[in-house]
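Colleague: Please take a close look at the surface of this model. I would like the charged pairs and the nonpolar side chains in one account.

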Amino acid sequence: MLVLTRKVGESINVGDEIKIRVMGIRGGAVRIGVEAPKSMSIHREEVFLRIQEENLLASSWQKIDIDKLGDLMKNIGRKK
């Protein structure tokens, strides 16, 4: 891990397309700004981890889930 010291208004470049700027410091919190291409997702770590967890759950279908979905579709068809 690279550890750097920056003052308010100073930046760190990550590659050619990402710039991280220290916007302000208030108490124990540091406000940062991130400039990156719009095609790149930027999330706080806790949000990123939650997205990963939700994606894992969504991708872990099991046969019983598919069978339940099939039963549900059959029931919907009968109601018409």
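Modeller: What follows covers the salt bridges, then the nonpolar patch.

This is a predicted model, so local features need pLDDT of at least 70, side-chain atom pairs count only at pLDDT 80 or more, and totals for chains, interfaces and linings use all residues. Residues are numbered from 1 along each chain as its sequence is written, and side-chain values use heavy atoms, with hydrogens and water left out.

Start with charge. Side chains of opposite charge can pair when their charged atoms come close. A search of the whole structure finds three salt bridges (a side-chain nitrogen of Lys or Arg within 4 Å of a carboxyl oxygen of Asp or Glu).

One pairs arginine 6 with glutamate 10, with 3.7 Å between the closest N and O atoms. Accessibility is classed as buried (under 20% relative accessible area), exposed (over 50%) or partly exposed (in between), using a 1.4 Å probe and protein chains only. Arginine 6 is partly exposed at 35%. Glutamate 10 is also partly exposed, at 29%.

Another joins glutamate 46 to arginine 44, and here the closest N and O atoms are 2.6 Å apart. Arginine 44 is exposed, at 55%. Glutamate 46 is partly exposed, at 48%.

Arginine 50 and glutamate 54 also form a salt bridge, at 3.0 Å from N to O. Both lie in helix α1 (residues 45-59), four residues apart, which is about one turn of the helix. Helices (H or I, at least four residues) and strands (E, at least two) are DSSP runs, numbered from the N terminus. Glutamate 54 is partly exposed, with a relative accessible area of 36%.

Now the nonpolar side. Val8, Ile25, Val30, Ile32, Val34, Met40 and Ile42 make up a surface patch with about 600 Å² of accessible area together. Patch members have over 30% relative accessible area and no salt bridge; like charges are joined within 9 Å, nonpolar side chains (Val, Leu, Ile, Met, Phe, Trp, Tyr) within 5 Å. Areas come from the Shrake-Rupley method with a 1.4 Å probe; for residues, only the protein chains shown count as cover.

Strand β3 gives the largest share of the patch, three residues. Isoleucine 25 sits in strand β2 (residues 18-26). Isoleucine 25 is exposed, at 52%. Isoleucine 42 lies in the loop between β3 (29-35) and α1. Isoleucine 42 is partly exposed, at 45%. Leaving aside neighbours within four places in sequence, isoleucine 42 is in contact (heavy atoms within 4.5 Å) with Val34 and Ala36.
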